[in-house]
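Work through the exercises below with the sequence and the model open. Each task is followed by a solution in steps.

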Amino acid sequence: MTTAQAPSALNFDCETGNYHTFCPISCVSWLYQKIEDSFFLVIGTKTCGYFLQNAMGVMIFAEPRYAMAELEEGDISAQLKDYEELKRLCLQIKRDRNPSVIVWIGTCTTEIIKMDLEGLAPQLEAEIGIPIVTARANGLDYAFTQGEDTVLASMAHKCPTSAQVQGEDKEERNAIQKLLTFGRKADAAKVESEYVDHQPLVLFGSLPDPVVTNLTLELKKQGVKVSGWLPAKRYTELPIIDEGYYVAGVNPFLSRTATTLMRRRKCKLIGAPFPIGPDGTRAWIEKICFVLGIEPQGLEEREAQIWASLEDYIQLIRGKSVFFMGDNLLEVSLARFLIRCGMTCPEIGIPYMDKRYQAAELALLEKTCADMGVPLPNIVEKPDNYNQIQRIKALQPDLVITGMAHANPLEAQGINTKWSVEFTFAQIHGFTNARDILELATRPLRRNSQLGELGWDKLIAKDVPAQV
Amino acid sequence: MKLAYWMYAGPAHIGTLRIASSFKNVHAIMHAPLGDDYFNVMRSMLEREQHFTPVTTSVVDRQVLSRGSQEKVVDNIVRKDGEETPDLIVLTPTCTSSILQEDLANFVDRAQMDAHCDVLLADVNHYRYNELQAGDRTLKQIVEFYIKKARKQGNLATEKTAKPSVNLIGFTTLGFHNQHDCTELKRLMADLGIEVNLILPEKATVDQLAKMPQAWFNLCPYREIGLMTAEYLQEEFAQPYVDITPMGVVETARCIRKIQEVLNAQGAEVNYEDFIQQQTRYVSQAAWFSRSIDCQNLTGKKAVVFGDNTHAAAMTKILAREMGIHVVLAGTYCKYDADWFRAEVSEYCDEVLISEDNGAITDAIARIEPAAIFGTQMERHVGKRLDIPCGVIAAPIHIQNFPLGYKPFLGYEGTNQMADLVYNSFTLGMEDHLLEIFGGHDTKEVITKTISSDSDLGWHSSAQAELNKVPGFVRGKVKRNTEKFARERGLSEITLEVMYAAKEAVGA
């Protein structure tokens, strides 16, 4: 081997897993809004309920389509029959809300007492006449955004095949297509001709509707037709998935969904970097085009144009360092984008690293570091927050991307922080939203430079011993 | 199983963590799965805490599930002892560890052998107690542990202080206006010539607990947290306690008279009557306020009160007794202590509601249609929906209920704050009502938001639909910028593509 062919230099560490993150049941908060005819029932304890109610803040008051099935002592000791109890609650939900699907979210408690949700669901489904999807989004196995992965993996089983959907309502099923042909049904045939003839492509990952439209249009420009999204706006509009379809993920935390689509639905996964940042978006589209045998048009110019429009933000972060403590699995993609923006990144903490599903993203990260001439970051799986804080103190990075438990204490020590959770809820995908990522990433720097002249950057009282 | 959308009191471990994190140099280790450390977020965000919250997790994962925690918990305790040298580590069980039934007490014993600090297992059962009960128990447990330890080591300070002194018990992190209440009571004690021996648990260290018996008496301002500790100290040292919440003019006076009685029984010979008169007439504005004609307008207005025992009971009495307001319903979510609440408020309201179900209180409010509500954040939102003003008087609370300004609910300054709260709620209600009658502030209806509404550009229906998804407060700006963008490029129709192009170009 020549020196030019050095093996992957990315270093992967694994620490104790003692880190702060949201419980994966938090996926309920964005999924119930995304899937408009759903109802999410979290089967757990007061602890789960307390987390959801506090983490979701004001959303809770807007009559959400989710609730807790709060387990009581009788449920734990099996004095009450799970089936009867769940039936009672689900009938109540059916009566009050009449949803098209009830999603049961299994929690730590249902795992420990081994409540057979997957077994109970089909029986109850048949009895009450509403589809029930079960997802084990618990803190024993998963972190934060992985909750969505468990739900989508379960939903992948419920997607119809074209054989199941008869001709008449086939067109009606696809929300995206409906949107694109909105108001001009007669032109449908013409619209079809705008696409290259390729194997059907289904995208997976829950994104806000404007981002879905945006990414769909980006692909349309290349003649790529998106046959459907998992999840769709409504449960009743879940996409058709047949054997041999192509699928591509839009988020880095969807490895179970990808596996399910490949193994159970016999789809072909397009392994691409994720469409986060203009570099990621271009690479994502290029890879999809490549797999579908399409020559991409005008992407280079498009990317350059986006980069040019970001220059004012990039000036603020060029040459600065960013440290990811890790809690939502978006870390590698975000770090890759910020390095391309000219930042350095000593450490990428991440809850879980699926090297196969993220392979293309990791390769792009390596390439980006080489292109920008910066050292490769250390990727720390299952990080230890205490150790990380010692490293942050030693490194004094210009920006730490972290959870809310550490943000204020770090700010009080004069370290700029950005709450990682915001990246989960903001619109960060596609060319159009690259600006929004930088808006978030530069906000602490802009705010703190505004306040900088006041000389109050370190605000911890001297007489109180710091806890960490 | 219970279908629940909302809960008033949190799970037991939150109570334990509130106590542990109130003390200085006490660390809590939760035996919990990933994500159960949400307490740290609440502490850091709601209280805008500058220090790292002294709570870590000994993570229960799949491996622990199959093989047990084994050395993990012990290792985590010993490690934390080395890293932070706390005085005490409280091992905190959660709902998950409750059903795993691991022998946590055994882990504590083993860790104690290697750790330099003290190690305790919080004695709370997740399925039996809520946040408030657990907090009360944990505080008592810690106090009892250190009293016994001091007694064993022979350094328990049992001799009373020379001058009358008090332990103020029950101020915790994430407590509703606790820090301001604490400052106000310290001031009140200073005015009464009473030394503060110890404030508990907020900012106390565990070695200070040995001097608790030196105080002449204990004052527990909150019904929910601190009473178990006071009862323990009374049993152990015959140390009397006062559990009258000094909230409102009448109750503050009653609390001070009780303190006078307790002190005089120990030979203090104090008379606070002049002080009470002075404060009531000239310092607190609340007594005069109830006589002023503004307050006259409130006479007989209907109100609903809901909250924890302490605040809902005190508020009911203030409204009914001090302001002549008609409290139709008073309620509490402290079901476990319902008898006390009933006894406190029965003579001041028409109905009493004891419930943990927010649906029950919502229905009651809708039925009664009060002119104002005094409740938690949940009732505030019910009020919003029903167009009824609401003053927040109890947890659960949001960040806005941790004000930077001085806003005690207790003592004489507290009476002023309460008067403002009540008055502002009702006036807003009146104003609203009048506006409705007279058809709004301004009878000229606004036809368009912009000066000129006509546009030479056509919006494609899909783009129009997209525009309608943009939040109202920025929609105008997005529309203007997109049209400007289109005009500059000579486009006559705005499609989805144009919208996104405009967003990229000008951030529309």
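**Exercise 1. A glutamate and its partner**

With the side chain of which residue does the side chain of A:Glu303 make a polar contact?

Solution. The model is predicted, so local features need pLDDT of at least 70, side-chain atom pairs count only at pLDDT 80 or more, and totals for chains, interfaces and linings use all residues. Residues are numbered from 1 along each chain as its sequence is written, chains are lettered from A and ligands numbered from 1 in the order in which they are written, and side-chain values use heavy atoms, with hydrogens and water left out.

Step 1. Find A:Glu303 in helix α14 (residues 299–317) of chain A. Helices (H or I, at least four residues) and strands (E, at least two) are DSSP runs, numbered from the N terminus.

Step 2. List the residues that A:Glu303 touches, leaving out those up to four places away in sequence: A:Pro278, A:Asp279, A:Arg282 and A:Phe431. Contact means heavy atoms within 4.5 Å.

Step 3. The partner is A:Arg282, whose side chain makes a polar contact with that of A:Glu303 at 2.8 Å. A polar contact is a pair of N or O atoms within 3.5 Å; within protein, one must be able to donate a hydrogen and the other to accept it, and residues adjacent in sequence count only if both atoms are side-chain atoms.

Step 4. A:Glu303 counts as buried because its relative accessible area is 11%. Buried means under 20% relative accessible area, exposed over 50%, partly exposed in between (1.4 Å probe, protein chains only).

**Exercise 2. A helix of chain A**

Compare the span of helix α13 of chain A with the expected one, and list its buried residues.

Solution. Step 1. Helix α13 covers residues 277–292, which makes 16 residues.

Step 2. From first C-alpha to last, α13(A) reaches 23 Å, close to the 22 Å expected at 1.5 Å a residue. The expected span is 1.5 Å times one less than the number of residues.

Step 3. The buried residues of α13(A) are A:Gly277, A:Pro278, A:Asp279, A:Gly280, A:Thr281, A:Ala283, A:Trp284, A:Ile285, A:Ile288, A:Cys289 and A:Leu292.

Step 4. After α13(A) comes A:Gly293, with a positive phi near 75°.

**Exercise 3. Salt bridges within chain A**

For the salt bridges A:Lys233 to A:Asp209 and A:Arg447 to A:Glu411, give the N to O distance and say how exposed each residue is.

Solution. Step 1. A salt bridge is a side-chain nitrogen of Lys or Arg within 4 Å of a carboxyl oxygen of Asp or Glu. Over all chains the structure holds 60 salt bridges.

Step 2. A:Lys233 and A:Asp209 meet at 2.8 Å, N to O. A:Lys233 lies in the loop between β7 (226–230) and β8 (246–249) of chain A and A:Asp209 in helix α11 (residues 209–221), so the pair ties together parts that are 24 residues apart in sequence. A:Lys233 is partly exposed at 29% relative accessibility, whereas A:Asp209 is buried at 19%.

Step 3. A:Arg447 and A:Glu411 meet at 3.8 Å, N to O. Here the pair ties together parts 36 residues apart in sequence, because A:Arg447 lies in helix α20 (residues 434–451) of chain A and A:Glu411 in helix α18 (residues 404–412). A:Arg447 is partly exposed at 41% relative accessibility, and A:Glu411 is buried at 18%.

Step 4. Salt bridges that share partners also join A:Glu111, A:Glu118, A:Arg136, A:Asp141 and B:Arg62 into one network.

**Exercise 4. The interface of chain A and chain B**

How many residues does each chain give to the contact, and how many salt bridges are counted between the chains?

Solution. Step 1. Chain A gives 90 residues and chain B gives 65 residues.

Step 2. The two chains bury about 6800 Å² between them, 60% of it on carbon and sulfur atoms. Buried area is the accessible area (1.4 Å probe) that two parts lose on being put together, summed over both.

Step 3. The count between chain A and chain B is 6 salt bridges. The side chains of B:Lys503 and A:Asp436 meet in a salt bridge at 3.9 Å, N to O.

Step 4. Across the interface, 23 residue pairs are in polar contact, both residues being at pLDDT 80 or more.
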